[in-house]
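Hi,

Here is the structure I promised to pass on. Have a look at it first, and my notes on a few of its helices follow below.

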Amino acid sequence: MRVTHLSLTDFRNYRTAEVPFAAGANLFVGRNGQGKTNLVESLGYLSTLGSHRVSSDQAMIRKDADAAIVRARIRHDGRELLVEVQLNRSSPNRAQVNRAAIKPRELPRYFSSVLFAPEDLALVRGEPGIRRRFLDQLLIQQNPRFAGVIGDYERVLKQRNTLLKSARASRVREDQLGTLDIWDERLIQLGSELMDARLDLVARLSDPLVAAYRSVAGDDHHPRLLPQLTVFGAHVEDEDDSGEESVTGSAGVATTEAFRRALANVRRKELERGLTLVGPHRDDVLFELNGLPAKGYASHGESWSFALALKLASAELLRRESTTGDPVLILDDVFAELDQARRRMLATAVSGYEQVLITAAVYDDVPDELTAHTVRIEAGAIVEATDA
Ligand SMILES: Nc1ncnc2c1ncn2[C@@H]1O[C@H](COP(=O)(O)OP(=O)(O)OP(=O)(O)O)[C@@H](O)[C@H]1O
């Protein structure tokens with residue numbers, strides 16, 4: 001799929017903007033702080049309902065405005081769609097497809113993009129929550145139904161934690177906590193569905209990741225993704241305190257059963273701490289490079305290649321498995337970080353995509369084959385668009 005036109009209203013530093021897009025590579029250049037990232041961020045938002053820079057939507061609404069509108073004309077399989085989201089300061093966001101209202105969470109059914117930016121280094125170096133969010137976002141892109149599963153799980157988790165906290169405060173005895181069992185069942189059901197989906201996703205990402213790593217780094221490295229599930233750790237901890245190999249993979253034990261046993265094992269601790277200690281909200285996925293954890297061992301360049309390869313692998317998966325076809329690939333501020341050889345390799349790696357959007361402060365950082373359609377941006381305005 002590809003974007004043919006983007007309209008922005010009060011999005012970040014854009015009052016209004018009308019941006020035409022070409023098929024293939026589109027380069028957005030301009031000095032620092034002019035609005036290049038803002039522009040591609042708007043398209044990232046349209047497909048994931050999130051920003052790669054902020055967790056709150058408020059920052060994306062232009063200062064002094066009440067609402068921001070992102071409207072994109074999309075072409076896929078010979079059909080045109082008008083996809084739109086409105087971010088509101090003081091009321092729920094709204095979305096439309098061809099002027100008909102839809103739930104915002106349905107947007108990934110209509111528009112798909114994968115964005116890579118320097119912030120993605122945190123995928124490798126940051127906290128587990130960043131990796132969980134990455135997996136969940138990809139799950140939702142592949143199947144928007146998961147937004148509901150994840151939302152429900154988080155709600156049940158919150159309610160269960162409230163119950164555990166109040167039990168701790170009033171020192172209620174364990175056997176008086178009948179309602180906890182009811183919450184447990186709901187938590188287990190939703191949590192197992194999420195864990196299974198993440199395990200399956202990680203398995204499907206593995207081969208594309210190896211191929212993508214080779215395509216951007218050229219080295220014969222072996223990147224691996226190893227799921228770390230707290231419910232398996234807790235289950236085996238009881239029999240073997242090392243808990244080492246216990247935490248990776250499903251080891252043939254159904255996640256539902258593992259979750260149930262893990263909750264039973266940690267119940268006393270949970271009542272002491274007033275917190276749910278096992279489940280997908282505490283899981284991680286270990287990124288390994290040549291047998292060593294990337295976090296803490298990989299060099300800056302290797303970590304960067306790992307994060308980039310993960311995003312390219314995601315794009316490949318969406319391309320293979322989704323009805324939306326090729327996602328729009330977005331490379332935000334990427335080329336400045338790479339040496340000449342890697343710039344060329346990346347240009348080759350992305351050349352097969354129907355559309356690639358690139359931002360750069362320095363035109364010469366971007367390989368020639370990606371500069372055919374160049375748009376110059378200054379202070380939240382398109383000042384020039386040229387086709388080679
Ligand atoms: N909600 C907002 N309202 C108004 N202006 C905003 C808002 N959010 C961000 N900006 C402005 O947008 C500008 C940053 O734009 P952007 O991040 O797109 O820069 P860029 O062109 O990608 O720069 P760089 O090359 O440094 O990455 C800043 O001047 C910032 O103050």
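In which hand of crossing does α4 pass α5? The crossing is left-handed. Please keep in mind that this is a predicted model.

To fill in that pair: the axes of α4 (residues 145-169) and α5 come within 9 Å and cross at roughly 145°. On the α4 side the contacts include F146, V149, Y153, V156, L157 and L163, and among the α5 residues they meet are L180, W183, L187, L190, L194 and A197. Charged residues take part as well, including D152 and R160 in α4, and R186 and E193 in α5.

Helix α5 deserves a look of its own. Its 40 residues run from 178 to 217, and the distance from its first C-alpha to its last is 55 Å, close to the 58 Å expected at 1.5 Å a residue. There is a bend of about 35° at S206, with a proline, P208, following within four residues. After the helix comes G218, whose phi is positive, near 75°.

The other helix I looked at is α10 (residues 340-350). Its buried residues are R342, L346, A347, A349 and V350. Seen down the axis of α10, these fall within an arc of 160°, so they line one face of the helix. Q340 and A341, on the other side, are exposed. What do the buried residues of α10 pack against? Their partners are α5 again, together with α9 (300-321), β12 (328-332) and β13 (355-360).

Happy browsing, and do send me your thoughts.

Best wishes

Conventions. Residues are numbered from 1 along each chain as its sequence is written. This is a predicted model: local features need pLDDT of at least 70, side-chain atom pairs count only at pLDDT 80 or more; totals for chains, interfaces and linings use all residues. Helices (H or I, at least four residues) and strands (E, at least two) are DSSP runs, numbered from the N terminus. The expected span of a helix is 1.5 Å times one less than its number of residues. The bend at a residue is the angle between axes fitted to the seven residues ending there and the seven starting there. A residue is buried if 20 or more other C-beta atoms lie within 10 Å of its own, exposed if 12 or fewer, and partly exposed in between; C-beta atoms are placed from the backbone. The arc is that of the directions from the helix axis to the C-beta atoms. Two residues are in contact if their C-beta atoms, placed from the backbone, lie within 7 Å. Axes are lines fitted to C-alpha atoms, for helices over the stretch in contact, and angles run from 0 to 180 degrees between N-to-C directions. A crossing is left-handed if the near helix is turned anticlockwise from the far one by less than a right angle, and right-handed if clockwise.
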